[in-house]
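Please open the model in a viewer and keep the selection panel at hand. The stops below are meant to be followed in order.

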Amino acid sequence: MEKIKTPKYDVREKAMEHGLTFPFDEELIMLIIGSGNHDIPVHIMAGKIVEVIDESEEEDIVKNLMDIKGVGESKALAIAAALELGRRRYSHLKAVIQTPDDIIPFVKNYAVSQKEHFLAVTLTGGHEIIQIHVISVGTLDKTLIHPRDVFSVAIKENAACIIVCHNHPSGNCTPSEEDIKTTRILLKASKIIGINLLDHIIIDCNSYFSFMQHSIVFNEK
């Protein structure tokens, strides 16, 4: 007797054969949650989850998902985490950056890290974000950075300009002497390479510091 394939198996087979762009939303949810329960098959549960996602505000998703019978805290958090990861990875694409305020929503998740993360944001000539790269991860209060690491990703992506950004785990976004020195080096390198450095932004949980707005380094001749 031929074994009947379960929906879960079909979805995995479909994803492996054709890639993750082919499954429907309900099928992607099935891949995330893995299984249903004795009362609700996985494909039915996935359909209910998609309905809740479509109808919920972002801040209410976890709570609303847990209202679905059979969806506990683990499944709800797994789904919410997948949505947030997708938002972080792709919501910034082609966003136009005109002021430091415009870029903060795309990097603020690094503000709470206990280690310094140094980021390079590559942009088109129209200041549209191409990609956000983590160039270096440091210790509690220091990260080592070299111009070649910053500009190599910009060259690879044919970026017209970049913005660099890092967090201060101390909670104080005032630039240090090392920050000023690093910015000065990167700015000189940008002029040689021909990829404009638009700004260096330092973030913490509550605020940010823009070198360009404060005319530090960028107004030097």
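**First stop: a surface patch**

Select Ile155, Ile192 and Ile193, which together make up a nonpolar patch on the surface with about 310 Å² of accessible area. The model in view is a predicted one. Within this patch, Ile155 belongs to helix 7, which covers residues 147-156. Is Ile155 buried, partly exposed or exposed? Its relative accessible area is 47%, so Ile155 counts as partly exposed, since that class lies between the 20% limit for buried and the 50% limit for exposed.

**Second stop: the sheet**

Next, display the strands as a cartoon. Five of them form an open sheet with mixed pairing, and their order across the sheet is 2-1-3-4-5. At the edges are strand 2 (129-137) and strand 5 (208-210), each of which pairs on one side only. Averaged over the sheet, neighbouring strands are turned by 20° against each other, with direction ignored.

Now select residues 117-123, which are strand 1. Strand 1 runs antiparallel to strand 2, and seven bridges join the two. To inspect one facing pair, pick Phe118 and look across to Ser136 in strand 2.

**Third stop: the helices on the sheet**

Add residues 100-107, helix 6, to the selection. This helix packs on the sheet and touches strand 1, strand 2, strand 3 (161-167), strand 4 (196-203) and strand 5. The direction of helix 6 makes about 60° with that of strand 4.

Then add helix 8, residues 177-193, which also packs on the sheet. Helix 8 touches strand 1, strand 3 and strand 4, and its direction makes about 160° with that of strand 4.

**Fourth stop: strand 3**

Isolate strand 3 and show its side chains. Why can strand 3 be described as largely enclosed by the rest of the structure? Seven of its seven residues are buried, and buried means that a residue has under 20% relative accessible area. Cys161, Ile163, Cys165 and Asn167 point one way from the strand, whereas Ile162, Val164 and His166 point the other way.

Finally, trace the pairing of strand 3 with its two partners. How does strand 3 run relative to strand 1, parallel or antiparallel? The two run antiparallel and are joined by six bridges; on strand 3, Ile163 is the bridge partner of Val121. With strand 4, in contrast, strand 3 runs parallel, and seven bridges join this pair. To end the tour, select His166 together with Ile202, its bridge partner in strand 4.

Note on methods. Residues numbered from 1 in each chain as written. Predicted model: local features only at pLDDT ≥ 70, side-chain atom pairs only at ≥ 80, totals over all residues. Heavy atoms only, no water. Patch = residues over 30% accessible without salt bridge, like charges linked within 9 Å, V, L, I, M, F, W, Y side chains within 5 Å. Areas by Shrake-Rupley, 256 points an atom, 1.4 Å probe, with all protein chains shown as cover. Salt bridge = Lys/Arg side-chain N within 4 Å of Asp/Glu carboxyl O. Helix = DSSP H or I, 4+ residues; strand = E, 2+ residues; numbered from the N terminus. Buried < 20%, exposed > 50% of the residue type's maximum accessible area, 1.4 Å probe, protein only. Pairing = 2+ DSSP bridges. Axes fitted to C-alpha atoms, helices over the stretch in contact; angles between N-to-C directions. Contact = heavy atoms within 4.5 Å.
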